[in-house]
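The following exercises are to be worked with the sequence and the coordinates at hand. Each task is followed by a solution in steps.

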Amino acid sequence: MELASTVRAGLSACTATPLSPSALHDLLRICFSALCARHPHEPEFDSEELSSLNGATLKLCHFGLMGLILEAARHAMEPTELGELLDEYKFSMECKRVFTSAYQMHFEKLSDVLRALSPSSPVLTDVSWRLGYSIRNNFLHRVDQLNYEIMFHSENMMSPSSKDVSFSCSPEQLQDLIAKLKDAMKSIEKAGQA
Amino acid sequence: MEELDGIIIHSLRQCGVDIADEVNSLREFTAELTVEGVVRCLRSIDPALGNAIATTLPPGMSARFRAGTRLAQACQDLGYTREVGYHTFLYGSEVETRNLLMFLVERLPRETMDSGSRPAGKLAVLQASIAARIREELSAPWVPPFCRPLLNSWQRPGLACPFRTVPLSVPGDITDPMVHITPEERRYWEGHLKLAAFQVTGVGSLIMSILQRNANEVATAAAWETEWSTQGLPSHLSADEFRERKKEGLQKRVFEQMRLAVSKANQMTAQQQTLVNEDLQQILQSFGTESGSEELLKGSRFTHTEKLVFQKEPDKQERQLPRPSEPVITSKEEQQAAEKLREEEVAELRQKLDELTMKAESLKEDSKCLQAGIAQVSQEFGESEEQLTEQREVARVRQRTLSLLPDAGNSIAKLHAMVEGSVQRIANLSGQWEGHRAPLLQKIRELRQLQLNQEEKLAWKMTHLREVRDKRRRIAVEVQAKEELQRQLISEYDETAQDVSRSAYTQRILEIVGNIKKQKEEIGKILSDTRDVQKEINGLSGKLERTFAVAEDLIFKDAKTDETARKVYKHLAALHENCGQLIDTIEDTGAVMREIRDLEEQMEAERGREAVTNLEKIAGDFRAIRQENSLLTSQLKDS
């Protein structure tokens, strides 16, 4: 994992100021709420220490912490590894503890958010079917055929509205489809045993 | 034997034999399992030998026989000296199977055992983790679709949005004295700049922007690092100078390309040209290079007129456009007439325009000629003025000489004195100059030497620096690789920790070695005991011989005279003979006992081999093969 010079400058600023554990805790809260919440609100600095801090330094620290949090979550860093990294920036024991505990608390959520960022194909949510029997159509007086109407309900992450795929097939084609799916399932089971 | 069986089974599992967990000893091995184990071992030992044999037994008796014979042959090829045949695999006793498998396990190459116990490489780890993940997913209970988002976070439709990043504005480090910050910047950062998190709307784009910025800066730093170490350091420039020079070079190259493009553009059609030139002109002006703008002006003089020509037209059309709308056109004919009229007018105007352009061109030519004339005339004027001043100077000198002529002698003497004075002064000055020059030269030489020395030092330092940088990079790479390896090994170690522990094995081996040592000692003791007994026996028999000889001698002497003594002698001889016979018999008994024990052992071994049942089985096989053969011959005959 590599960190940009701006992020490193931000982290060094945290220890050069230096931020007390409680101030760090407040700043981290702001960072995590910005990264994990769907609609973050403009923060108010309740802690006196933060509001008395120079604006430029505070913003730099904030950016540094966010950069580190994101990169750490992206690489799924262990808290111990993170602690070693924080040691490089001379974080005190207490600050380290505050950081790692906040990170551990939000890690699941963060990795979910990061996972959701990558584009993906639609997800199958449900299947509905209907068996039809056509007696006749416009061109034939007698048809007498069975056909299945299958509809896949899918959902795409990019668009919240569900997208449906529908098709009709004969019983044989349906059996083919089922056989293919069973084959896929079997292959997956085999791969799981390997 | 249990331990031995455990080791054999463990080794076979490592070779890839699928042995059920319940199987703990070789007694539970079926013929199929034995064959598979032997084939897998053969494949590990010698792939060429093992790959030719299938791991499963065929159904037909004759085919089974052939497979078994081939396996036996392969084992003998490897150097197995004990008796082995197809029956060893099909109906082999536990002892035979154990002997064979032990032989094969001992022959297994060490690496395959290692690789079997620890899947090597990242790929294997990845595959294992994929398999574990699939198992986990498969073992998860099915959940109705409408409940799923609450349970499986990985399936939850998130806040996905297309990858769009926004450049974030981040303040610099105001405490860093190396960074130059203007007061305006500082005021902006402190007061007006928002937190990075609120410069962007939407969490997705915030995260993407931060990640992108980080990656971007890291990549830029890496690119600069490589460029600086390959090109920057050897150029002996400071980092800023190097950057400046690179910027200049780039600008020059871009400008050259632009100029080429402009000259190419001259061959394009007029309209395209104007468009292209407008853009290019803007870009080139932004570079602020004078020669560039000159070049462009030359190129664009023509295009300028063209632009005017093409701009006029739409103007005219605009002016003309409202006209037809004023009168109300009632009929088609009138419209056509108006159109015709307009076309004529346009043609006329175009002609006029052409004429005017031509006129303008010719006038431009004229003015060019006239300007050239003016330049020529002004040049001539300058030349003649120069001549005039030269001649004036000459005239002044001549006038002065003429004024000196009346007092010639005096003037000449004065002149001589002046010349001499100047010569002396020159000599004096040159003497002084020499005095100054020598130390200065010396100083120059010294300084040059110093500079050379410093350059050498610098070069040495540069090479040293480069070496250190290289070393640093190498070490960083090495450290990374080692860390990776360490992580992998730790994960592998965690996986293999549940396996049979090594220390238990070594403990057991040490115990066995201790036992063997004890047994050896006991054997040594018994051997020495035996030797003692043998010695005693030898001593006793010697004593017996001697005693008998003495007794015989004494009695023999008396026997010549005494009848009783003769009888005694006879008895003694008989006694000795009988005793000898007795000893022989005892010895024979011992030998027979030993033989009996050997035979009993052999019997035991034969019983273990289940020769009778095996023989029956083999006879059965033989019958089956004959039956198959007869079936085949009948089939052949039928066909």
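**Exercise 1. A helix pair in chain A**

Task: In this predicted model, determine how helix 2 and helix 4 of chain A are oriented to each other, and which residues form their contact.

Solution.
1. The axes of helix 2 (residues 21–36) and helix 4 (residues 55–74) of chain A come within 10 Å of each other and cross at roughly 55°.
2. Angles under 35 degrees count as roughly parallel, and 65 to 115 as roughly perpendicular. Helix 2 and helix 4 of chain A are therefore oblique to each other.
3. The crossing of helix 2 of chain A with helix 4 of chain A is right-handed.
4. Helix 2 of chain A contributes A:Leu27, A:Leu28, A:Ile30, A:Cys31 and A:Leu35 to the contact, while helix 4 of chain A contributes A:Cys61, A:His62, A:Leu65, A:Met66 and A:Ile69.
5. Sorted by class, this contact holds 9 nonpolar residues, 1 polar residue and no charged residues.
6. For the spacing within each list, recall that an α-helix has 3.6 residues a turn, so residues three or four places apart point the same way.

**Exercise 2. The span of helix 7 in chain A**

Task: Compare the expected span of helix 7 of chain A with the distance between its end C-alpha atoms, and state how many of its residues are buried.

Solution.
1. Helix 7 of chain A covers residues 171–193, that is, 23 residues.
2. The expected span is 1.5 Å times one less than the number of residues, which gives 33 Å for helix 7 of chain A.
3. The end C-alpha atoms of helix 7 of chain A are 33 Å apart, in agreement with the expected value.
4. A residue is buried if 20 or more other C-beta atoms lie within 10 Å of its own. Among the 23 residues of helix 7 of chain A the count of buried residues is 0, and the helix is hardly covered.

**Exercise 3. The two chains and their interface**

Task: Describe the make-up of each chain, then characterise the side of chain B that touches chain A.

Solution.
1. Chain A has 7 helices and 3 strands, in the order α-α-α-α-α-α-β-β-β-α from the N terminus. Chain B has 20 helices and 0 strands.
2. Of the 194 residues of chain A, 26% count as buried; for the 639 residues of chain B, the value is 10%.
3. Across the interface, 38 residues of chain B are in contact with 44 residues of chain A.
4. Helix 8 (121–139), helix 10 (183–192) and helix 11 (203–232) of chain B each supply at least two residues to this side of chain B. Helix 11 of chain B gives the most, with 12 residues.
5. By class, the side of chain B that touches chain A comprises 25 nonpolar, 7 polar and 6 charged residues.

Note on methods: Residues numbered from 1 in each chain as written. Chains lettered and ligands numbered in written order. Predicted model: local features only at pLDDT ≥ 70, side-chain atom pairs only at ≥ 80, totals over all residues. Contact = placed C-beta atoms within 7 Å. Helix = DSSP H or I, 4+ residues; strand = E, 2+ residues; numbered from the N terminus. Nonpolar A, V, L, I, M, F, W, Y, C, P; charged D, E, K, R; others polar. Buried ≥ 20, exposed ≤ 12 C-beta atoms within 10 Å, placed from the backbone. Axes fitted to C-alpha atoms, helices over the stretch in contact; angles between N-to-C directions. Parallel < 35°, antiparallel > 145°, perpendicular 65-115°, else oblique. Left-handed = near helix turned anticlockwise from the far one by under 90°.
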